Amino acid sequence: MEKITISTLQHCKNCNNKFAAITAYDFSFARLFSNQGIPVILVGDSLGMTIQGNNSTITVEVDDITYHTKAVRKGAPKVFLISDLPFLSYYNVTEAIKNTKKIIQSGSNMVKIEGGKKILHIVKELSDRSILVCGHIGLTPQSIDFLSGYRIQGKTYDDAQRLIDEALLLEDSGIKMLVLECIPSALAETITKKLSIPVIGIGSGKNTDGQILVMQDLLGITEGHVPKFSKNFLNQKNSIQAAIKKYILEVETGLYPDIKHSF
Ligand code: KIV
């Protein structure tokens, strides 16, 4: 795989070529995804839930992001790597620059930051220092209590208009990519068409430039609540759950280890 850069992804947007992105948090999965040709990996603060077992992303620290970013970068040296600036790590310009420095130095190409109008000055300060910034609007999990839960955003005319305005303002302030989470498909399409930068959707329909899924959702290993938009791409027969069940059964019945797997 060629090294993926922001120009590669911008070219995809310009040529109307859709691209896939996925979250990853460790070396092994990053290598596996990269070897299959995934061009973009996100070290998302979703790791607060998928790795740390918390019920939101707000417990995640900058050190957690840098730890996982280093591991993912080792597994996927050529992918375009985005890492989240976690909860309250960008509440002012000084903090944002200090924490972005740590994240970029741990191997990321771009930082992702949640929010609209209130963070435009942060985006501008980072962009002015040649940092690649990805915006994230719609359902922004770091504001989950403010939003009163995981629910579709942009359903009313006013809220949709606000999201369109914020997307345009973020682009003006210097973001080079935008994530739209859980907004109606038609609104995501409008925003994607209005912006000249690549727009990645999650739970926002098919008309964005790229899609992203949390790896545990895509591999069908999220147990309990699974978001409506996510799709398990592993069939049941060959699922990870089926592999674990088979392992337990073969150990219990003495089928594993056999001669072939013994010294
Ligand atoms: O943290 C994350 O994994 C994300 C994606 C859901 C876009 O922000």
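## Close-up views of the pockets, the ligand and two backbone features

**View 1. The second largest pocket and its lining.** The second largest pocket is lined by 21 residues, and those nearest its centre are Glu114, Gly115, Gly116, Lys118 and Ser143. Here a pocket is, on a 1 Å grid over the protein atoms alone, an open set of points where a 1.4 Å probe fits, with protein on both sides within 12 Å along at least five of seven lines, and lining residues have an atom within 4 Å of a point. The model is predicted, so that local features need pLDDT of at least 70 and side-chain atom pairs count only at pLDDT 80 or more, while totals for chains, interfaces and linings use all residues. Residues are numbered from 1 along each chain as its sequence is written, and side-chain values use heavy atoms, with hydrogens and water left out. The space in this second largest pocket comes to about 570 Å³, a volume being the space filled by probe spheres set on grid points that are joined across faces, edges and corners. Strand E5 (132-138) and helix H7 (157-173) each give at least two residues to the lining, and H7 provides the largest share, three residues. Helices (H or I, at least four residues) and strands (E, at least two) are DSSP runs numbered from the N terminus.

**View 2. The largest pocket, where the ligand sits.** A molecule sits in a pocket if more than half of its atoms lie within 2 Å of the pocket's grid points. The largest pocket holds about 870 Å³ of space, and of its 33 lining residues Tyr150, Glu181, Asp217, Pro227 and Phe229 are the closest to the centre. Two or more lining residues come from each of helix H3 (47-50), strand E4 (110-114), strand E6 (177-181) and helix H9 (215-218).

**View 3. The ligand and its surroundings.** Among the residues around the ligand, each with a heavy atom within 4 Å of it, are Thr23, Gly44, His136, Glu181 and Ile212. Polar contacts are pairs of N or O atoms within 3.5 Å. A polar side-chain atom of Ser46 lies 2.5 Å from a ligand oxygen atom, for Lys112 the corresponding distance to an oxygen atom of the ligand is 2.8 Å, and an N or O atom in the side chain of Asp84 is 3.2 Å from a ligand oxygen atom. The protein buries 95% of the 260 Å² that the ligand exposes when taken alone, with accessible areas from the Shrake-Rupley method and a 1.4 Å probe.

**View 4. Two backbone features.** The peptide bond from Tyr256 to Pro257 is cis, with omega near -5 degrees, and Pro257 belongs to the segment after helix H10 (240-252). Leu88, although not a glycine, has a positive phi of about 55 degrees, and this leucine 88 is found in the loop between strand E3 (80-84) and helix H5 (93-105).

Terms used
A polar contact is a pair of N or O atoms within 3.5 Å; within protein, one must be able to donate a hydrogen and the other to accept it, and residues adjacent in sequence count only if both atoms are side-chain atoms.
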